[in-house]
Amino acid sequence: MVDGVPGSLVGLRHCWSDVESTVRTPLSPHDLSPPTPSARLRRWAALDTTSGALLLVSAAIAVTWANSPWRESYHRLLEVKFGPASLHLHLSLGEWAADALLAIFFFVVGVELKHEFVAGSLREPRLAGVPIAAAVGGMVTPALFYVIVVAVGDPAALHGWAIPTATDIAFALGVLAIFGRGLPLALRTFLLTLAVVDDLLGITVIATFYTEHIDILALIGAITCVVAFGVLVRLSRRWWIALLPLALVAWALMHASGVHSTVAGVLLGFTVPALAIRGESLPRTTVFDEAIRPYSAALALPLFAFAAAGVTVIGGSGLVQAASIGIVVGLVAGKVAGVLGATWLMTRFTPLRLPDSIGIRDLLPIGMLTGVGFTVALLIAELSFDAEDDPHAAAAKAAILLGSVLSAGLAAALLRWDARLARDDDMNRDGVPDADRDVIGG
């Protein structure tokens, strides 16, 4: 904390300064002036490889500390509470990580979704149909696998059915960037589209199935603030001084309403214009994404991973349950089966085809990458088994870590295998030679 303000809010102040400076002097592809050290640092922080590595390191530190002789200090640290109780914000550090830090991440997701729907790969149904179907298959199939396993072994854990449905965008893209060198760049777009739709569906699941009590007045207040944010974000920048306070009020009211506060982040991101307006050279979705993503990738996500991944596995007692088995099976087998199955059905029985340069064989490693659940999966696990003495909570987190590591390892090996194979001129089998020959790392 700084002067009584949570550290995450201090970070938001700096983040907002970056938004304003970016709007005043928007970056141009033709700007050849050397970047400043701070600009180079932000670009480094926003890289897929950087984000994935920081997530991995943060989770490793948490797991190591939580299983060391000093593990009680880790749990005591996360239980430290601060914040105004009158606003229902007297939260522990762990709750601040899940409710505040992830809201920043989901704001970036909302901005990205808005851009993709208006100006990106999701604006054309012909191009978006297959990855959208793959995202749906990659959510439904793991949930079915989990339900089948748990219904037989432990029906009390059925509430966690959504845990293996999530895909961690940052981690998955990081693995692809490191091990997918030489593969078509279109694979990254396909994975990004799939993961973005996956996150949208995940937020819908959280808002629909993991909200028990709703304060209607607080929810109306939150939506009103989101609408006001959407109006101001379209005006000239002199009105933008009110955006950060409005976003904070919307987040606080959404939290007080009983709906998970990350939903506020997505809704706020959706209001940002995705086409250039007011004579600006860049759409405001790009401006916000470039300004906020480094803080989301290098601070918000790693700190959440540190707070959420520290499951104590010393002794292993009670960690092998039907729920943990269902999560691992869902992430490692259910995800890839759903992605491949949905893609096969779409390309076999509809006119839709995969993008240029992508073949069915390329989707085997991509399907494995979607099994890297991690961030959102840990969030859903906390919402599913939120009682302090719930025996499923530690087992679910341990299973998420194991399933994500297995999926990432298998995906890395499959990516290198795929990169070594020869490619032909019509990988997507649409009868037209592939025009897009750009490659990852090329």
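Start with Phe374, and keep in mind that this is a predicted model. At 3% relative accessibility, Phe374 counts as buried, because the cut-off for buried is under 20%. Phe374 sits in helix α15. Check its backbone next: phi is near 50°, a positive value in a residue that is not glycine. Most residues other than glycine have a negative phi.

**Across from Phe374**

Add Phe171 to the selection. The whole structure has 13 aromatic pairs. Phe171 and Phe374 make an edge-to-face pair, with 5.5 Å from centre to centre and 85° between the planes. Phe171 belongs to helix α7 and Phe374 to helix α15, so this pair ties together parts that are 203 residues apart in sequence. Phe171 is buried, as is Phe374.

**Helix α3**

Now select residues 48-66, which make up helix α3. The helix has 19 residues. From first C-alpha to last, α3 reaches 27 Å, close to the 27 Å expected at 1.5 Å a residue. Which residues of α3 are buried? They are Asp48, Thr50, Ser51, Gly52, Leu55, Ser58, Ala59, Ala62 and Ala66. Show what surrounds them. The buried residues of α3 pack against six helices listed here: α2 (37-46), α4 (71-79), α7 (169-179), α8 (186-209), α12 (284-308) and α15 (374-384). Two of these, α7 and α15, hold the aromatic pair visited above.

**Helix α8 to helix α13**

Move to Asp198 in helix α8. Its side chain meets that of Lys335 in a salt bridge, at 2.8 Å from N to O. Lys335 lies in helix α13 (residues 322-349). The two partners are 137 residues apart, and the pair links distant parts of the chain. Are Asp198 and Lys335 buried or exposed? Both are buried. In total, the structure holds eight salt bridges.

While α13 is on screen, go to Arg348 and Phe349. Arg348 lies over the face of Phe349, 5.1 Å from the ring centre.

**The Arg361 network**

Select Asp418 and Arg361. They form a salt bridge whose closest N and O atoms are 2.6 Å apart. Asp418 is in helix α16 (residues 392-420), while Arg361 is in the loop between α13 and α14 (363-369). This pair also links distant parts of the chain, 57 residues apart. Colour by accessibility here. Asp418 is at 0% relative accessibility and counts as buried. Arg361, at 23%, counts as partly exposed. Now extend the selection to Asp362 and Arg423. Salt bridges with shared partners join Arg361, Asp362, Asp418 and Arg423 into one network.

**From the loop into α12**

Jump to Arg278, in the loop between α11 (262-270) and α12. Its phi is near 55°, again a positive value in a residue other than glycine. Arg278 counts as exposed, because its relative accessibility of 54% is over the 50% cut-off.

Step along to Glu280 and Arg284. Their side chains meet in a salt bridge, 2.7 Å from N to O. Glu280 is partly exposed, with a relative accessible area of 22%. Arg284 is at 2% relative accessibility and counts as buried.

Thr285 comes next, in helix α12. Thr285 is buried, with a relative accessible area of 2%. What is Thr285 in contact with, leaving aside its neighbours within four places in sequence? The contacts are Val111, Lys114, His115, Val272, Pro273 and Ala274.

**The cores**

Finish with the nonpolar side chains. In soluble globular proteins, such side chains tend to be buried together. The largest nonpolar core here has 118 residues. Select the ones with the most contacts inside it: Phe106, Ile163, Phe190, Phe229, Phe288 and Leu369. Keep Phe229 and Phe288 selected and add Phe107 and Trp240. Phe107, Phe229, Trp240 and Phe288 form one aromatic cluster.

Last stop: select Phe82, Leu89, Leu91 and Trp251. They are among the seven residues of a second core, separate from the largest one.

Conventions. Residues are numbered from 1 along each chain as its sequence is written. This is a predicted model: local features need pLDDT of at least 70, side-chain atom pairs count only at pLDDT 80 or more; totals for chains, interfaces and linings use all residues. Side-chain values use heavy atoms; hydrogens and water are left out. Helices (H or I, at least four residues) and strands (E, at least two) are DSSP runs, numbered from the N terminus. The expected span of a helix is 1.5 Å times one less than its number of residues. Buried means under 20% relative accessible area, exposed over 50%, partly exposed in between (1.4 Å probe, protein chains only). Contact means heavy atoms within 4.5 Å. Rings of Phe, Tyr and Trp (its six-membered ring) pair if their centres lie within 6.5 Å; planes under 30 degrees apart count as stacked, over 60 as edge-to-face and the rest as tilted. A charge sits over a ring if NZ of Lys or CZ of Arg is within 6 Å of the ring centre and within 35 degrees of the ring normal. A salt bridge is a side-chain nitrogen of Lys or Arg within 4 Å of a carboxyl oxygen of Asp or Glu. A nonpolar core is a set of buried Ala, Val, Leu, Ile, Met, Phe, Trp, Tyr and Cys residues joined through side-chain atoms within 4.5 Å.
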